[in-house]
Amino acid sequence: MIKAIKRFFKLIFALALIIVVAVVGISMLVTKNQDENIIYRFQDYDQKIGHPYDQEMAKLNCDAIVVLGAGIYEDGTPTPMLKDRLESAISLYRSDVAKKILVTGDNGTKGHNEVKCMYDYLVSRSIPKDAIFVDHAGFSTYDSMYRAQSIFEIHRPIVVTQGYHMYRALFIGNNLGMECYGVAADQNTYGGQIFRSVREILARDKDVFKTYLKMKPTYGGSKIPITGTANGI
């Protein structure tokens with residue numbers, strides 16, 4: 001009886017170890033495969049050198065700057081992470097890296113409207129309204145990237161998010177038919193990053209399967225080509 005119990009626990013341990021190795025291994029493959037597509041990291045920027053974006057980045061001929069949502073406060077203002085993403089997008093736009101911006105986030109309830117917050121912030125910083133496209137149904141990273149390609153018909157985006165999150169966004173986009181590049185918006189240190197980084201490992205695994213299965217997003221909709229007229233709020 002005791003030997004049987006020992007064998008049982010050894011089997012459970014072996015299965016748990018296999019699962020952990022698989023989960024971590026898939027996550028590491030995602031980061032390795034997409035690392036070269038992150039063309040700029042703010043934490044590597046020396047503020048004394050000058051403007052972070054140069055003509056070489058503009059030569060990529062990207063058709064849009066895609067800003068992924070990151071949560072808002074109760075008063076409708078952006079969290080520090082989201083603010084840094086928006087400021088990065090503003091710098092990219094002003095450097096002529098792309099002429100259009102897509103803000104995509106969670107607007108699942110009337111009281112939680114990430115994209116309105118993002119839109120209002122960009123407008124307050126003198127970004128033209130006709131340059132800002134809005135995706136109210138970016139309920140997840142997968143939804144946002146899928147809809148960027150299928151609804152907004154973006155082919156070559158510059159994706160703006162924090163570095164830890166960037167690998168997954170690029171993986172999804174590049175495997176759904178876009179040619180994605182990333183600008184990591186880590187301009188500050190954010191509280192709770194250890195928790196986010198651990199959670200991101202599981203999220204990468206989940207979205208790897210969703211991407212290869214080409215699962216549909218939560219919502220579809222009519223085409224809103226990024227080359228056309230901005231849909232706004």
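Me: Before we start, what makes a crossing left-handed or right-handed?
Reply: A crossing is left-handed if the near helix is turned anticlockwise from the far one by less than a right angle, and if clockwise it's right-handed. This is a predicted model, where local features need pLDDT of at least 70 and side-chain atom pairs count only at pLDDT 80 or more, while totals for chains, interfaces and linings use all residues. Residues are numbered from 1 along each chain as its sequence is written, and side-chain values use heavy atoms, leaving out hydrogens and water. With that sorted, helix 3 (residues 80-94) and helix 4 (residues 114-124) make a crossing that is right-handed.

Me: How is helix 3 angled to helix 4: roughly parallel or oblique?
Reply: Their axes (lines fitted to C-alpha atoms over the stretch in contact, with angles from 0 to 180 degrees between N-to-C directions) come within 10 Å and cross at roughly 45°. Under 35 degrees counts as roughly parallel, over 145 as roughly antiparallel, 65 to 115 as roughly perpendicular and the rest as oblique. So helix 3 is oblique to helix 4.

Me: And how do helix 6 and helix 7 lie to each other?
Reply: Helix 6 (residues 163-175) and helix 7 (residues 193-213) have axes 9 Å apart, at an angle of about 10°. That's why the two are roughly parallel.

Me: Which residue of strand 4 is the bridge partner of Leu-102?
Reply: Strand 3 (residues 101-104) and strand 4 run parallel, joined by 4 bridges; two strands pair if DSSP finds at least two. In strand 4, Leu-102 is partnered with Phe-133.
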